[in-house]
Amino acid sequence: MTILKAIISGELDPVILSELAEGRARNKIHAMRRALQGRVGEHQRKMLEHQLVHIDNLTSLIMDLDEDIKKTKSMNWAIEALDASESSFSRMCPGCD
């Protein structure tokens, strides 16, 4: 993401961009320099910017949904307890429902 953000900001020097590589990509800096040579126009930078914003929005949405799922899972014990007590009540008082 760092390299893409640098390209969006206008950095086009393959040497500088390749130095921004992280993790295992650092082992492939020479290949990365060759791959980063080329022309990136204003339109491409704008499209990259839109795509990164979209990725950030989707990531945020996924994190929100994960939190909702965790809350739901933590409530399962209460739902199961209510179901069990309702079942017990029905057995003790068959005509009461």
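Helices, core and salt bridges in a predicted model

Student: S18 is placed in helix 2. Is S18 buried or exposed?

Tutor: This is a predicted model, and every value here is computed from it. The cut-off for burial is under 20% relative accessible area. S18 has a relative accessible area of 0%, so the class is buried.

Student: Which backbone oxygen does the side chain of S18 reach?

Tutor: S18 has contacts beyond its sequence neighbours: leaving out residues up to four places away, S18 touches R26, I29, M32, R33 and L36. The polar contact goes elsewhere. At 2.9 Å, the S18 side chain meets the backbone oxygen of V15.

Student: P14 is also in helix 2. How far is P14 from A35 in space, C-alpha to C-alpha?

Tutor: P14 is buried, because its relative accessibility is 16%. Residues up to four places away aside, P14 touches R33, L36 and Q37. A35 lies 21 residues from P14 in sequence. Their C-alpha separation is 8.2 Å.

Student: Which helix gives the most to the largest nonpolar core?

Tutor: That core has seven residues: I3, A6, I7, L17, A21, M32 and L48. Three of these come from residues 2–8, the top contribution, and that stretch is helix 1.

Student: Which residues does I7 contact, leaving aside neighbours within four places in sequence?

Tutor: I7 belongs to the largest nonpolar core. Two of its contacts, L17 and L48, are members of that core too. With those two included, the list for I7 is L17, L36, V40, R45 and L48.

Student: R45 is in helix 4, residues 42–92. Why does R45 count as buried?

Tutor: Burial is set by relative accessible area, and the limit is under 20%. R45 falls below that limit, so it counts as buried at 16%.

Student: Which residue meets the R45 side chain in a salt bridge?

Tutor: The R45 side chain also reaches the backbone oxygen of V40, at 3.1 Å. Its salt bridge spans 2.9 Å, N to O. The two partners both lie in helix 4, three residues apart, about one turn. The partner counts as exposed because its relative accessibility is 53%, and its name is E42.

Student: How far apart are the closest N and O atoms of E19 and R33?

Tutor: E19 and R33 form a salt bridge. This pair links distant parts of the chain, with E19 in helix 2 and R33 in helix 3 (residues 29–35), 14 residues apart. R33 is partly exposed, because its relative accessible area is 21%. The closest N and O atoms are separated by 2.7 Å.

Student: With which residue does R26 form a salt bridge?

Tutor: R26 is partly exposed, because its relative accessibility is 36%. Its partner is partly exposed too, with a relative accessible area of 41%. The closest N and O atoms are 3.7 Å apart, and the partner is E19.

Student: How many salt bridges does a search of the whole structure find?

Tutor: Among them are R26 with E19, E19 with R33 and R45 with E42. The full count is five.

Student: What accessible area do M1, L4 and I55 have together?

Tutor: M1 sits in the segment before helix 1. M1, L4 and I55 form a nonpolar patch on the surface. Their joint accessible area is about 250 Å².

Technical notes:
Residues numbered from 1 in each chain as written. Predicted model: local features only at pLDDT ≥ 70, side-chain atom pairs only at ≥ 80, totals over all residues. Heavy atoms only, no water. Helix = DSSP H or I, 4+ residues; strand = E, 2+ residues; numbered from the N terminus. Buried < 20%, exposed > 50% of the residue type's maximum accessible area, 1.4 Å probe, protein only. Polar contact = N/O pair within 3.5 Å; in protein donor to acceptor, adjacent residues only side chain to side chain. Core = buried A, V, L, I, M, F, W, Y, C linked by side-chain atoms within 4.5 Å. Contact = heavy atoms within 4.5 Å. Patch = residues over 30% accessible without salt bridge, like charges linked within 9 Å, V, L, I, M, F, W, Y side chains within 5 Å. Areas by Shrake-Rupley, 256 points an atom, 1.4 Å probe, with all protein chains shown as cover. Salt bridge = Lys/Arg side-chain N within 4 Å of Asp/Glu carboxyl O.
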